Amino acid sequence: MNYRHAFHAGNFADVLKHAVLTLALETIAGKDKPFVVIDTHAGRGRYDLAREAQRTGEWQNGIGKVLQSAKPPREMKRYADIVRGFDRRLGGSGETLQHYPGSPRIVRALLRPEDRLVACELQDEDALALRREFAGDRQVETKRADGYAALKALLPPAERRGLVLIDPPFEARDEFDKVQRALKQALRRFATGTYLVWYPVKDREAVAGFKAFLVAAKLKRTLTAELQVGSKTPTGLARAGVALINAPWPLENELEKIGPYLAQTLGGAAGRFDVEWIAKD
Ligand SMILES: C[S@@+](CC[C@H](N)C(=O)[O-])C[C@H]1O[C@@H](n2cnc3c(N)ncnc32)[C@H](O)[C@@H]1O
């Protein structure tokens with residue numbers, strides 16, 4: 001396991017994932033009943049942008065551009081506020097960012113007192129950092145665990161409402177297979193949950209296979225949203241997507257607002273945003 005998210009924190013792919021995650025959770029939190037979020041590949045929860053991320057500079061072309069943009073749509077506001085608030089809480093200015101929140105911190109900012117988060121991370125050092133990040137927080141359980149295996153034990157959740165974030169490193173060639181196996185099993189246990197899966201668009205055949213799997217699974221309200229920021233970036237990743245199963249309504253309207261903005265702000269003339277419905281009902 002070589003992947004270290006610290007190098008990529010706050011890049012365009014994180015922005016897409018975290019903006020959609022924020023919108024989905026805002027909608028889920030709009031109803032009274034408690035919910036749970038399970039983050040299967042949580043990372044360390046916090047990234048110091050002066051360290052590894054500075055070496056790649058990817059965040060400057062991601063969250064850096066979002067925070068500098070003159071007129072972001074209001075659908076981006078909550079996410080941007082969470083990022084700025086997190087940086088300020090750690091002593092930064094909230095403008096020239098020093099820290100970026102990982103997915104567990106973004107989720108935490110959206111929990112109400114009755115909601116909870118379970119965050120799994122397999123890599124030792126990151127799992128320890130994650131544990132320290134949330135030490136003493138009674139709404140957050142961190143686990144040093146294989147997120148796919150943990151999912152089996154965690155579903156169905158007592159609340160019967162919630163979101164599962166699956167955000168693997170995609171280092172292994174069979175990662176899409178692992179995601180599909182995990183989804184199949186998870187959907188059997190918790191068919192009504194919202195699932196948010198992040199994926200890179202590098203191997204087009206593998207992505208097409210994943211979409212074919214989603215079609216064959218006969219799901220409800222499922223879509224993919226892909227953001228492209230060029231034909232090639234220094235890291236080689238220029239397009240990434242999220243799949244949303246049981247997408248909370250009216251997320252599609254919000255995607256229509258943030259999509260063109262993200263494509264333009266992060267990709268300029270080469271930017272693209274494509275939403276594809278797998279199942280609309
Ligand atoms: C893309 S990063 C996660 C980023 C995080 N979700 C965020 O948005 O801030 C993927 C993480 O998964 C961890 N990881 C790899 N295999 C795992 C597994 N089987 N179970 C749990 N975590 C794993 C890696 O160490 C890495 O920290």
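**Exercise 1.** Leaving aside its neighbours within four places in sequence, which residues is Leu16 in contact with?

*Solution.* Two residues are in contact if their C-beta atoms, placed from the backbone, lie within 7 Å. By that test, and with neighbours within four places in sequence set aside, Leu16 touches Leu227, Ala240, Val242 and Leu262.

The model is predicted: local features need pLDDT of at least 70, side-chain atom pairs count only at pLDDT 80 or more, and totals for chains, interfaces and linings use all residues. Residues are numbered from 1 along each chain as its sequence is written.

**Exercise 2.** Find the span of helix H9 and compare it with the expected span.

*Solution.* Helices are DSSP runs of H or I with at least four residues, strands are runs of E with at least two, and both are numbered from the N terminus. The expected span is 1.5 Å times one less than the number of residues. H9 covers residues 204-216, 13 residues, so 18 Å is expected. The end C-alpha atoms are 18 Å apart, which agrees. Just after H9, Lys218 has a positive phi of about 50°.

**Exercise 3.** Is Glu226 buried, partly exposed or exposed?

*Solution.* Count the other C-beta atoms, placed from the backbone, within 10 Å of the residue's own: 20 or more means buried, 12 or fewer exposed, and anything in between partly exposed. Glu226 has 19 such neighbours, so Glu226 is partly exposed. Glu226 belongs to strand S8, residues 222-228. Its C-alpha lies 6.8 Å from that of Arg239, although the two are 13 residues apart in sequence. Beyond four places in sequence, the contacts of Glu226 include Arg239, Ala240 and Asp274.
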